[in-house]
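Please open the model in your viewer and keep the selection panel at hand. The tour below moves from one selection to the next and says what is to be found at each stop.

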Amino acid sequence: MRRPLLAGNWKMHTNVLEAYLLVAEIGKCSVGLNDRDVLLAPPYTALHSVANVLHDSDILVASQNVCWEEKGAFTGEISPTMVKAAGGTAAIIGHSERRQIFHEDDEMINKRLLGALKFGLMPLFCIGETLEEREAEKTFAVLEGQIRRGLAGVSPEDMKKTVVAYEPVWAIGTGKTASKEQAQEVHAFIRNLLAEMYEKAIADSVRILYGGSVKPDNVDELMAQADIDGALVGGAALDPESFCRIINFT
Ligand code: PGA
């Protein structure tokens, strides 16, 4: 069975001190959660201190993006080995804010993904359609394009190490969540596509997270869906009480 993964994406929130206070609270309420993984993605400036606080815990630390090169003239970027040296073991890649605000395209996201895998980081590969695309009934075509281009050259072995996050753009930070039926429908589509691209056993082992306004009051019903294996949480991840409730979903 797939082990649930609850991930908090802090985006561009928390300075070093705020991150320290937030992770201390989350650390307390995650004690004893042995049947699920919890992951935090603080801003780069807090990555090391958050990982330090967590060094005795099972909570995973991720960067919010990652470059494909180990070092060099890439101003503003962070390399996979820097993330690892700071205590991170994973990286969010292809978040819709990267795609939309910073114009990262599928080709660049693919390079980042391959780079993360090459240096041993677990990628959280994000995909999602806009409202316009959903209304034009292009959801599946858009997602298929993002998946096929984003995963180009990813070997079956590496696919097993990759996490997919479905985040409909219209549900991110808007308070609008996809209904559990809408989310399940898309997750099943993604799994079938992965089975076609790889093989069923691999598709069955890949964790597919849902993201977009996940909150304490909708997490249980989302997690009860057959193909939803976890959540990528933004806003509610900054509030310790809400995030603690989310990671303790039943
Ligand atoms: P949200 O963000 O939970 O605030 O909608 C989710 C995300 O962007 O990962």
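Begin by selecting L6 together with V38, bearing in mind that this is a predicted model: V38, which lies in β2, is the bridge partner of L6. Widening the selection to residues 5-9 and residues 37-41 brings up strands β1 and β2, which pair in the parallel sense over five bridges.

Next, add helix α12, residues 240-247, which packs on the sheet and touches β1, β2 and β8 (230-233). If you compare directions here, that of helix α12 makes about 160° with that of β1.

Now show the strands from β1 through to β8, where eight strands close into a barrel in the order β1-β2-β3-β4-β5-β6-β7-β8, with parallel pairing. From one strand to the next, the twist averages 25°.

From the barrel, go to T130, which sits in the loop between β5 (122-127) and α6 (131-135). Is T130 buried or exposed? T130 counts as buried because its relative accessible area is 18%, and the cut-off for that term is under 20%. Displaying its surroundings, and leaving aside residues up to four places away in sequence, you will find that T130 touches Q100, V169 and W170.

Finally, turn to the surface and select L17, Y20, L21 and V53, which make a nonpolar patch of about 400 Å². Helix α1, residues 16-29, gives the most to this nonpolar patch, with three residues, and L21 has its place in that helix α1.

Notes: Residues numbered from 1 in each chain as written. Predicted model: local features only at pLDDT ≥ 70, side-chain atom pairs only at ≥ 80, totals over all residues. Heavy atoms only, no water. Patch = residues over 30% accessible without salt bridge, like charges linked within 9 Å, V, L, I, M, F, W, Y side chains within 5 Å. Areas by Shrake-Rupley, 256 points an atom, 1.4 Å probe, with all protein chains shown as cover. Salt bridge = Lys/Arg side-chain N within 4 Å of Asp/Glu carboxyl O. Helix = DSSP H or I, 4+ residues; strand = E, 2+ residues; numbered from the N terminus. Buried < 20%, exposed > 50% of the residue type's maximum accessible area, 1.4 Å probe, protein only. Contact = heavy atoms within 4.5 Å. Pairing = 2+ DSSP bridges. Axes fitted to C-alpha atoms, helices over the stretch in contact; angles between N-to-C directions.
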